[in-house]
Amino acid sequence: MAGGGGLGPTNGKAYPGKLTTKVLITCIVAAMGGLIFGYDIGISGGVTSMPPFLKKFFPDVYAKTTHSVSTNQYCKFNSPTLTLFTSSLYLAALVASWSASRITRLMGRKLSMLFGGGLFLIGGFINGFAKNVAMLIIGRLLLGLGIGFANQSVPVYLSEMAPYKYRGALNIVFQLSITIGIFAANLLNYFFAKIEGGWGWRLSLGGAIVPALIFIVGSLFLPDTPNSLIERGKEDEAKSRLLKIRGIDNVDAEFNDLVEASNRSKQVISPWKNLLKDRQYRPQLIFAIAIPAFQQLTGMNVIMFYAPVLFKTIGFGDTASLMSAVITGIVNFIATFVSLLTVDRVGRRVLFLEGGIQMLICQIIIAISIGLKFGISGNPGTLPIWYAAFVVVFICIYVAGFAWSWGPLGWLVPSEIFPLEVRPAGQSLNVMVNMIFTFFIAEIFTAMLCAFKFGLFLFFAFFVAAMTVFMYFYLPETKGIPIDDMTKIWSQHWYWKKYLTTNQIDDDIQKSPQHKGQV
């Protein structure tokens with residue numbers, strides 16, 4: 001494939017092993033860490049469209065949303081305090097993801113997951129009993145710390161535990177659990193909003209303790225990965241663990257490579273310094289920054305954060321907007337299965353490119369549709385049901401495109417491309433960049449909607465076009481490559497090989513003599 005290329009599923013080392021029931025269950029349980037992230041994404045947008053919640057905590061927004069229909073629809077929810085409620089979580093997640101890399105490396109992936117679940121549990125409890133905006137923000141910060149730990153450790157855990165042939169599908173279970181969390185939150189918002197007395201928002205926010213408990217209890221029973229055990233000097237236990245999860249009698253080849261990778265990692269005193277300064281990690285560094293940044297610049301989280309608000313803006317009523325968010329949540333969940341079933345067959349590149357093109361087309365259509373009806377005044381007058389339904393259909397097609405491409409692959413690819421010596425730091429960087437851009441988008445979305453109006457979708461469409469071109473030329477294929485044998489994809493890529501030394505390239509060729517030429 002022009003520009004990218006890659007190594008096929010039968011290239012490189014083919015470690016023996018099978019997908020055992022134990023590994024499958026273990027990966028599903030670990031992936032439940034995505035529930036807490038997904039639940040928060042879905043719940044935050046829902047409660048901010050509930051009038052009783054707005055009236056109690058954000059009266060200025062409540063006043064604008066209950067104004068006459070002549071009010072500019074683009075600017076109804078433009079409130080710095082309201083956006084701080086949503087975006088504060090991601091600042092905390094940014095801090096947590098940095099510290100989580102050290103805990104993940106020195107104490108194991110499992111402990112980081114337990115920290116994440118515990119912090120999210122406390123945050124959900126505080127939010128459920130919030131009396132003022134300060135309590136809301138404190139609760140959101142704790143939720144963010146929990147998400148930072150979970151998002152840093154879970155993708156690494158899944159990539160290390162899964163057999164390389166199934167790494168893509170099992171890692172995408174994490175994204176699938178995110179979509180389950182989003183859908184559950186949207187559904188609960190819809191029913192809780194109907195509770196008499198207007199206190200349903202407390203159940204929505206406090207309900208965060210349920211996915212937190214699921215994640216905590218599940219993490220207690222998880223074994224640590226062989227990679228992590230070797231990294232902490234427990235080689236005998238690691239080999240025993242590897243034998244169990246691979247379901248075969250001889251894992252010497254894979255085990256020896258894991259030990260070798262660990263020995264190399266111990267020579268790295270400062271993983272962060274090496275990652276940022278050593279040229280051999282430059283390709284991984286660029287993708288650890290570009291992929292999460294681009295993932296947020298698709299505009300998808302704007303849809304998921306503010307789906308009820310957005311649908312309310314284009315003419316749906318209170319409960320109708322929440323139901324529309326439920327619909328997009330269902331689409332998101334179902335479409336993720338497409339990625340799960342195809343990622344280890346067609347590869348990462350095909351899904352990235354197809355999803356990008358699909359999102360680009362939909363964003364242009366949505367922008368034109370909203371622009372024709374709302375104009376720049378933001379007053380659509382009487383909005384026909386068929387028109388609103390038309391917009392929702394293309395939003396759903398857009399969501400589907402994201403859900404089988406940039407959604408799951410934005411977590412999968414960064415978690416599988418780093419060598420062991422910088423893997424925790426690399427995944428932390430991935431989460432940090434993700435949270436920086438998520439915070440940035442969440443913080444300025446309502447102001448951008450007010451200023452850009454329907455052009456906001458064209459703003460995101462520009463970045464979708466740019467990222468699709470970038471992936472076409474620079475992303476090598478990673479399917480079917482053992483996680484600790486991944487350096488060859490860079491040494492054989494037309495562009496990235498210049499960052500590797502001649503010795504590194506020669507070493508890769510000696511390890512895989514059947515691979516010749518440029519990919």
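Here is a short tour of this structure, stop by stop, for you to follow in your viewer.

**Before you click**

You are looking at a predicted model, where local features need pLDDT of at least 70, side-chain atom pairs count only at pLDDT 80 or more, and totals for chains, interfaces and linings use all residues. Residues are numbered from 1 along each chain as its sequence is written, and side-chain values use heavy atoms, with hydrogens and water left out.

**The whole chain**

Start with a cartoon view: you should see 24 helices and zero strands. Both are DSSP runs numbered from the N terminus, with helices being H or I of at least four residues and strands being E of at least two. Of the 519 residues in the chain, 61% are buried. Buried means under 20% relative accessible area, exposed means over 50%, and partly exposed is in between, using a 1.4 Å probe and protein chains only. Now think about contacts, meaning heavy atoms within 4.5 Å. Among those in the chain with a separation of 6 or more, 82% join residues 24 or more positions apart.

**Helices 1 and 2**

Select residues 21–31 for helix 1 and 33–47 for helix 2; their axes are 4 Å apart and meet at an angle of about 30°. Axes here are lines fitted to C-alpha atoms, for helices over the stretch in contact, and angles run from 0 to 180 degrees between N-to-C directions. So helix 1 is roughly parallel to helix 2; the cut-offs are under 35 degrees for roughly parallel, over 145 for roughly antiparallel, 65 to 115 for roughly perpendicular, and oblique for the rest.

Which residues make the contact? Show Val29, Ala30 and Ala31 on helix 1, then Gly33, Gly34 and Leu35 on helix 2. By class, that contact has four nonpolar, two polar and no charged residues. Nonpolar covers Ala, Val, Leu, Ile, Met, Phe, Trp, Tyr, Cys and Pro; charged covers Asp, Glu, Lys and Arg; the others, Gly among them, are polar.

While you are on helix 1, click Thr21. Thr21 is exposed, with a relative accessible area of 56%. Its C-alpha atom is 8.7 Å from that of Ile245, although the two are 224 residues apart along the chain.

**From helix 2 outward**

Next, pick Asp40 in helix 2. Is Asp40 buried or exposed? With a relative accessible area of 2%, Asp40 is buried. Leaving out residues up to four places away in sequence, Asp40 touches Leu89, Tyr90, Phe120, Arg140, Leu143 and Ile147.

Then jump to Gly181 in helix 8 (residues 167–192). Gly181 is buried too, at 3% relative accessible area. Measure from its C-alpha atom to that of Gly38 and you should get 4.2 Å, across 143 residues of chain. Beyond its neighbours within four places in sequence, Gly181 is in contact with Leu35, Gly38 and Tyr39.

**Helix 7 and helix 21**

Val133 sits in helix 7. Val133 counts as partly exposed, at 24% relative accessibility. Setting aside neighbours within four places in sequence, Val133 contacts Phe57 and Thr81. The C-alpha atoms of Val133 and Phe58 are 8.5 Å apart.

Now go to Gln427 in helix 21 (residues 423–452). Gln427 counts as buried, at 0% relative accessibility. Not counting residues up to four places away in sequence, the residues Gln427 touches include Asn151, Gln152, Trp411 and Phe418.

**The largest cavity**

Time to look for empty space. The structure holds five cavities of 30 Å³ or more. A cavity is a set of points, on a 1 Å grid over the protein atoms alone, where a 1.4 Å probe fits but cannot get out; lining residues have an atom within 4 Å of a point. The largest holds about 200 Å³; grid points are joined across faces, edges and corners, and the volume is the space filled by probe spheres set on them.

Where is the centre of the largest cavity? Select Tyr15, Ala162, Tyr164, Arg246 and Glu254, the closest to it among the 20 lining residues. Helix 7 (133–161), helix 12 and helix 13 (252–266) each give two or more residues to that lining, and helix 13 gives the largest share, three residues. By class, the lining has ten nonpolar, three polar and seven charged residues.

**Last stop**

Finish on helix 12 (residues 235–246) by clicking Asp236. Asp236 counts as exposed, at 70% relative accessibility. The C-alpha atom of Asp236 is 9.8 Å from that of Pro226, ten residues away along the chain.

Note on methods. On a 1 Å grid over the protein atoms alone, a cavity is a set of points where a 1.4 Å probe fits but cannot get out, and a pocket is an open set with protein on both sides within 12 Å along at least five of seven lines; lining residues have an atom within 4 Å of a point.
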